[in-house]
Amino acid sequence: MSNATIDDSEVDIVIAAINPDLKSFLNEWRPIISQFHLIIVKDPDMKQELQIPEGFNADVFTKADITRKVGSSTSIVFSGYSCRYFGYLVSRKKYIISIDDDCTPARDSNGDLVDVVAQHIANLKTPATPFFFNTLYDPFRKGADFVRGYPFSLRSGVTCGLSCGLWLNLADLDAPTQALKPEQRNSRYVDAVMTVPVRALLPVSGVNIAFDREVVGPALFPALRLAGEGKFRWETMEDIWCGMCVKVVCDHLGLGVKTGMPYVWRKDRGDAVQSLKKEWEGVKLMEEVVPFFQSVRLPRSAVTAEDCVVSMAKTVKEELGKVDPMFARASDAMAEWVKLWKSVGSSSSEA
Amino acid sequence: MAEYSKVAPTPLLKDELDIVIPTIRNLDFLEMWRPFFQQYHLIIVQDGDPSKVIKVPEGFDYELYNRNDINRILGPKAACISFKDSACRCFGYMVSKKKYIFTIDDDCFVAKDPTGKEINALEQHIKNLLCPSTPFFFNTLYDPYREGADFVRGYPFSLREGVPTAVSHGLWLNIPDYDAPTQLVKPLERNTRFVDAVLTIPKGTLFPMCGMNLAFNRELIGPAMYFGLMGDGQPIGRYDDMWAGWCMKVICDHLGLGVKTGLPYIWHSKASNPFVNLKKEYKGIYWQEELIPFFQSATLPKDCTTVQACYLELSKQVKAKLGKVDDYFNKLADAMVTWIEAWDELNPAGGKAVELNGPAKSSK
């Protein structure tokens, strides 16, 4: 683990409550997150009351709070997993860590509990190296360094905007894959963090992520909703969509995206075959969007995340809007999001 | 984890793979590798004094080439093969008649995985080479074809077949492959971290390729694996594998081939002298700053559809753009052309093996 120190006041932990009973979830995470401020956002579709144990410094937001704060915006829907974005909007901290409510702490190969907060913060606080691949992975980790042949001018790295963690047990596979291999569980603990190179796209899973809100906050948004979007990750693409946008934005702004540790333990939940039975648009969708994201270029004049998102929203509408109305709606949501971010969300220096 | 399917054993490929080993000292290290290497044919490239006799441990099937052999076989073209530098190993690639090459340094030993089990590095390289790469989209669970892994949610289905793997780049425990300045600052650092992953290096991304523990598909990429002009009479050393790696990656990206890095690990036992290394690397550290932008922006025309054509085109660009950095690059560009000429002579299209009149020594 790196020596990055964590300032509790810099971190918000944002939890989207998809399940009403958060007692076991929060109790399992207690040793790791109890000293941090929690933002818990209740899925607006949920009828039951949330159950939250004592001893946490938590602010809970419900449908009423969301409506009051953002009005009845028609293009942004904060339901299901997307309710977490409301948490990002109202946070005033520099770093946000967000974990799905069906995950618990994992154990590393020594049997020790993985401190996801410490690892995500270490990832975000140490530079990323997107312009050249280091074969010993993160060169800033203890016991590692840049290898022979790594250009010296690239060794100071760039700011890391996003830290993508992984999952033991139930990996974040899509429904067809998991349905084909119903017994497969991820038991491989890969002891590495690495920077995803510039121009390389990746599927960003929202199950376990962290980001620097000050630099990329506006670029994580609830925009792409599948018609059959549901309460299982197999039935969503919202995180994949905004992950591609974030990567393009980071590449454009010269920021880094890391992937690898920390791991969480993802509980068995749901039935992949059932999810598969629903009309499953996500797969078809990806085929449309990949060539788009691989070729999209942002204008030189876009120098902030907000600028980038506004520009991307326009391009999405122009180039993908005619492919499927879902993209036109996503474009509107992206544009709407930036407006919301500017009015409701703000930099951490504001009260 | 429940076993859901039977995993087929990795093919040995013992008649399709050559192990190329450059050496100037001795081959004692082969004893430790015997259980894993004995079934394979070795190509020993003896650097340095050709009158020295390098003993090959009993029981190995090999051919050995010293400098006299290289000069005899290549004639004037032998000038492209480095002397007094392990870069000479690429001569082994050229004379091989096999589909796959595994090359390893003579100070690399068998490593152990975290369970204490000895790692069969060659088997892992074969696994890496036989299954596809995925350079067009990054899979966050690393190599999706590994047992227990797969493509993650969001990975486009149209990209899940992958592309053929041209190169498998292995890593090292114990003495890490650091440059001289880093070695001077951290002489005691050892790589003890076993990272249980193989991954494809994305298209468009360069990396420092280390020749210590490397395997490749000779039919797919062989002519691009020229290790340059290093060592005796040259202004630079310890950039041979780097140079090959950058040329290779540009060509792989152009031809739609994949490059993997990660497992297998070997145990690197010998720390070279950092002061000696600094002298060798010194120019490279400066030149690198020009080389990297050159390779990052290098493009190859559509009509370059073979490795040789790509390589020759690159050599033209090296001359045009790097010649002004130092005259060395003019010589290197010429050597790149000579290398391809020699490669094609020894490996004519149509596959007829060229009679070399034998190496200095062989086990036959």
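## Close-up views of a predicted two-chain model

**Figure 1. Salt bridge between B:Lys186 and B:Glu189.** In this predicted model, the side chains of B:Lys186 and B:Glu189 form a salt bridge with an N to O distance of 3.0 Å. B:Lys186 is partly exposed, because its relative accessibility is 25%. B:Glu189, at a relative accessible area of 17%, falls under the 20% cut-off and therefore counts as buried. Over all chains, the count of salt bridges comes to 42.

**Figure 2. Salt bridge between A:Asp100 and A:Arg84.** The closest N and O atoms of this pair are 2.7 Å apart. The bridge joins distant parts of the chain: A:Arg84 belongs to helix 3 (residues 84-90) of chain A, and A:Asp100 sits in the loop between strand 4 (95-99) and strand 5 (103-105), with the two positions 16 residues apart in sequence terms. A:Asp100 is buried, with a relative accessible area of 2%. A:Arg84 is also buried, at 2% relative accessibility.

**Figure 3. Salt bridge between A:Asp102 and A:Arg269.** Here the closest N and O atoms lie 3.3 Å apart. A:Asp102 is placed in the loop between strand 4 and strand 5 of chain A, and A:Arg269 in the loop between strand 9 (256-266) and helix 8 (272-277) of chain A; the two residues are 167 residues apart. A:Asp102 has 5% relative accessibility and so counts as buried.

**Figure 4. A network of salt bridges with residues from chains A and B.** The linked residues are A:Arg84, A:Asp100, A:Asp172, A:Arg233, A:Glu238, A:Asp239 and B:Arg153. Among them are A:Asp100 and A:Arg84, the pair whose closest N and O atoms are 2.7 Å apart.

**Figure 5. Surroundings of B:Pro202.** B:Pro202 lies in the loop between strand 7 (198-200) and strand 8 (213-217) of chain B. The residue is buried, with a relative accessible area of 3%. Apart from neighbours within four places in sequence, B:Pro202 contacts A:Pro197 and A:Ala200 in chain A, and B:Pro135, B:Phe138 and B:Lys249 in chain B. The C-alpha atoms of B:Pro202 and B:Leu188 are separated by 32 Å, the residues being 14 apart along the chain.

**Figure 6. Chain A as the setting of the views in Figures 2 and 3.** Chain A contains eleven helices and nine strands. Its C-alpha trace spans about 55 × 50 × 50 Å along the principal axes. The radius of gyration of chain A is 19 Å, which agrees with the value near 20 Å for a compact globule of 351 residues. Of those 351 residues, 64% are buried. Among contacts in chain A with a separation of 6 or more, 78% join residues 24 or more positions apart. Chain A exposes about 12600 Å², with 51% supplied by carbon and sulfur atoms. The mean positions of its 41 positive and 45 negative charges are 2 Å apart.

**Figure 7. Chain B as the setting of the view in Figure 1.** Chain B has ten helices and ten strands. Along the principal axes, the C-alpha trace of chain B spans about 60 × 50 × 50 Å. For 364 residues, a compact globule would have a radius of gyration near 21 Å, and the 20 Å of chain B agrees with this. Buried residues account for 60% of the 364 residues of chain B.

How values were computed. Residues are numbered from 1 along each chain as its sequence is written. Chains are lettered from A and ligands numbered from 1 in the order in which they are written. This is a predicted model: local features need pLDDT of at least 70, side-chain atom pairs count only at pLDDT 80 or more; totals for chains, interfaces and linings use all residues. Side-chain values use heavy atoms; hydrogens and water are left out. Helices (H or I, at least four residues) and strands (E, at least two) are DSSP runs, numbered from the N terminus. The radius of gyration is taken over C-alpha atoms; the globule rule is 2.2 Å times the number of residues to the power 0.38. Buried means under 20% relative accessible area, exposed over 50%, partly exposed in between (1.4 Å probe, protein chains only). A salt bridge is a side-chain nitrogen of Lys or Arg within 4 Å of a carboxyl oxygen of Asp or Glu. Contact means heavy atoms within 4.5 Å. Accessible areas come from the Shrake-Rupley method with a 1.4 Å probe; for residues, only the protein chains shown count as cover. Lys and Arg count as positive and Asp and Glu as negative; His and the chain ends are not counted. The place of a charge is taken as NZ of Lys, CZ of Arg, CG of Asp or CD of Glu.
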